[in-house]
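Student: I would like a close look at a single part of this protein, namely its packed interior and the rings that go with it. Could you take me through it in one connected account?

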Amino acid sequence: MTDRSKLPYRPCAGAALFNAQGQVFVGRRKPRTGSAPDSFEWQMPQGGIDEGEDPREAAIRELHEETNVRSIAFLAEAPDWYSYDLPAEAVGGGWTARYRGQTQKWFAFRFTGPDSEIDVLRPAGGKHKAEFEDWRWEDLTALPGLIVPFKRGVYDEVVAAFRHLVA
């Protein structure tokens, strides 16, 4: 058995997308095979940073791949990288077997397009696999209560980093 504490963190970038009213995009993740009906989570777009990729560019790419959104203006970058460890029940194949969790760099963007631009079911016209089954605008301070518990600390940090954008 692998000592997970000796594994590295997977580099990841996240996008906090704010609308004109100061609310943030959250998507409801599609259920994973074998997951319980109450294990759905709401989260902001995020994903792995490719080798040599700039973290901000990765956040923009992930935002498009998961939401179809291209109409954005950069607002802010979180000052630090935030990390979480995966609990044993979340470890499976793929990247979760090679990393102990993720270390994430977060960026805030203003959404400058119409809501009709958002398409979580067929992002990029279906070029990318849907990560979400639904979406909504939510108050920034509500986000930690919507995410799975092992990611809550990261979301607390993201809320603190971007709170000034909705003050």
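Tutor: Contact here means that heavy atoms lie within 4.5 Å. With that cut-off, and leaving aside neighbours within four places in sequence, Phe 162 is in contact with Ala 16, Phe 18, Ala 76, Glu 77, Ala 78, Trp 106, Phe 107, Ala 108 and Leu 140. The model is a predicted one, and every value that follows is to be read with that in mind.

Phe 162 belongs to the largest nonpolar core, which has 23 residues, and Phe 162 is listed there with Met 44 and Trp 106 as the residues with the most contacts inside the core. Two or more residues of this core come from each of β1 (9-18), β2 (24-29), β5, β6 and α3, and the greatest contribution, 6 residues, is made by α3. A second core, separate from this one, consists of 16 residues and includes Ala 13, Leu 17, Phe 25 and Ile 49.

To place these elements in the chain, the protein has 3 helices and 7 strands, and their order from the N terminus is β-β-β-β-α-β-α-β-β-α. Of its 167 residues, 44% are buried. Among contacts with a separation of 6 or more, 72% are between residues 24 or more positions apart. The accessible surface is about 8500 Å², and carbon and sulfur atoms account for 48% of that area.

The aromatic rings give a more detailed view of how separate segments meet, and the structure holds 8 aromatic pairs. In one of them, the ring centres of Phe 74 and Phe 109 are 6.1 Å apart and the planes stand at 70°, so the pair is classed as edge-to-face, given that planes over 60 degrees apart fall in that class. This pair links distant parts of the chain, since Phe 74 lies in strand β5 (residues 72-85) and Phe 109 in strand β6 (residues 101-111), 35 residues apart. The two partners differ in burial: Phe 74, at a relative accessible area of 35%, is partly exposed, whereas Phe 109, at 1%, is buried.

Another pair joins Tyr 84 and Phe 150, whose ring centres are 5.6 Å apart with planes at 50°, so the arrangement is tilted. Because Tyr 84 lies in strand β5 and Phe 150 in the loop between β7 (132-138) and α3 (152-162), this pair ties together parts that are 66 residues apart in sequence. Here Tyr 84 counts as buried at 4% relative accessibility, while Phe 150 counts as partly exposed at 28%.

Beyond these pairs, one aromatic cluster is formed by Phe 25, Phe 111, Phe 132, Trp 135 and Trp 137; Phe 25 is also among the residues of the second core.

Two arginines are placed over rings. Arg 56 lies over the face of Phe 74, at 3.6 Å from the ring centre, so that Phe 74 is a partner both of this arginine and of Phe 109 in the edge-to-face pair. The charged end of Arg 136 sits over the ring of Trp 42, 4.2 Å from its centre.

Finally, an unreviewed UniProt entry lists residues 47-68 as "short sequence motif: Nudix box". In the model this span is 59% helix and 9% strand, and its end C-alpha atoms lie 15 Å apart.

Methods: Residues numbered from 1 in each chain as written. Predicted model: local features only at pLDDT ≥ 70, side-chain atom pairs only at ≥ 80, totals over all residues. Heavy atoms only, no water. Helix = DSSP H or I, 4+ residues; strand = E, 2+ residues; numbered from the N terminus. Buried < 20%, exposed > 50% of the residue type's maximum accessible area, 1.4 Å probe, protein only. Areas by Shrake-Rupley, 256 points an atom, 1.4 Å probe, with all protein chains shown as cover. Phe/Tyr/Trp six-rings, centres within 6.5 Å; stacked < 30°, edge-to-face > 60°. Lys NZ or Arg CZ within 6 Å of the ring centre and 35° of its normal. UniProt positions renumbered as here; feature names shortened; annotations may be inferred. Core = buried A, V, L, I, M, F, W, Y, C linked by side-chain atoms within 4.5 Å.
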